[in-house]
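Had a look at the model you sent over, mostly at its charged side chains. Here are my notes, in no strict order of priority.

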Amino acid sequence: GGVQISQYRVKPKDCDNSALYGRFYTTCLSEEQDKSPFGPSTAPNKYTFDMNEGRHTVFLPVSQGAALAYNITQQLKADLFTDKHTRLVQIKFATYNGLAGVFTHVDIKVRFEESGILFQPHIVGIRSLDLELYSNSSLDTLRLSLELIFLFIIGYQIGSELLEVYTAIREDSLPEYLSDLWNVLDWTNITLFMLSTIWRVQFIYLAIKHAPQVPSNRYNRTIEEAAALSNVQITINSFNVLICMFRMFKFYEFQDRLNILTRTFIRAWT
């Protein structure tokens, strides 16, 4: 649909500069965000603060033609949209590949020091998303089936662990159960699985309830929110894969040589 350009601005403050040439710098910059409108002398309130974004924002409607977007960027340059009060410039946009059926969200952040020097490196986030969930393709049908099987496995593991907790309470051995390394790993693993499932459900709801329209002449926050949910889910799953690999040592107890490593982990835990 287009490109959203926003900036984080800070308020001025009096300088406390004891350097030799400090008298030439009477105004410095604080860390407090400046939400007041600004602009050129002919239109001092041209650029206003966007409460949703938390920054001063400008949108380039690329879907209405490259010429219009180019004229807007030239006007930003002439108006000195970025000045000494700018601490961060953020550029966000989304693309759609109809052949692959994939949306891609791009988030670029450029940070400035008080002196105007650019912080290095710049921050670039790219996330590709499949928002056409559970269509009529055989691959989507297979994915839905595997997700349902996965939910069944999680439910089975939760039931098994709750049964062990109930047994430990009846046998008055709950402290021993809680201090066991494998039980701690089991519950950590299950908890992360549940969190990942919650984020997946939120992602599905967002993709179905607020499906982005293509083409669009406005910035669609659905794709950005979906990218954020996807990033969190990938992070959770990354940690959980490591825990799953670690839990495999639990099944080495039946073999003496492999059990040496398992006993080493348990002794280190206790």
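The points below go from the overall fold to individual salt bridges.

1. First, a reminder that this is a predicted model, so please read everything below as computed from it. The protein has 6 helices and 7 strands. Going along the sequence, they come in the order β-β-β-β-α-β-β-β-α-α-α-α-α.

2. On packing: 31% of the 270 residues count as buried. The exposed surface comes to about 17600 Å², and 61% of that is supplied by carbon and sulfur atoms. Among contacts with a separation of 6 or more, 57% are between residues 24 or more positions apart.

3. The salt-bridge count is 11. I picked out three of the pairs for a closer look, beginning with Arg87 and Glu31, whose side chains meet at 3.3 Å, N to O. This pair ties together distant parts of the chain, as Arg87 sits in strand S5 (residues 86-97) and Glu31 in strand S2 (residues 27-33), 56 residues apart. What about burial? Arg87 has a relative accessible area of 12%, so it counts as buried. Glu31, on the other hand, is exposed, at 62%.

4. Next, Glu147 and Arg200, another salt bridge, with the closest N and O atoms 3.0 Å apart. Here too distant parts of the chain are linked: Glu147 belongs to helix H2 (residues 138-170) and Arg200 to helix H4 (residues 181-209), with their positions 53 residues apart. Glu147 is partly exposed, with a relative accessible area of 22%. Arg200 counts as buried, since its relative accessibility is 17% and the cut-off for buried is under 20%.

5. Arg221 and Glu224 make a local pair, and their closest N and O atoms are 3.9 Å apart. Bear in mind that the salt-bridge rule asks for an N to O distance within 4 Å. Both residues lie in helix H5 (residues 221-247), and because they are 3 residues apart there, about one helical turn separates them. Arg221 is partly exposed at 32% relative accessible area, whereas Glu224 counts as buried at 18%.

6. Which residues are linked with Arg221 and Glu224 in a network of salt bridges? They are Glu53 and Lys92. If you make a figure of the Arg221 and Glu224 pair, I'd show all four residues of that network together.

How values were computed. Residues numbered from 1 in each chain as written. Predicted model: local features only at pLDDT ≥ 70, side-chain atom pairs only at ≥ 80, totals over all residues. Heavy atoms only, no water. Helix = DSSP H or I, 4+ residues; strand = E, 2+ residues; numbered from the N terminus. Buried < 20%, exposed > 50% of the residue type's maximum accessible area, 1.4 Å probe, protein only. Contact = heavy atoms within 4.5 Å. Areas by Shrake-Rupley, 256 points an atom, 1.4 Å probe, with all protein chains shown as cover.
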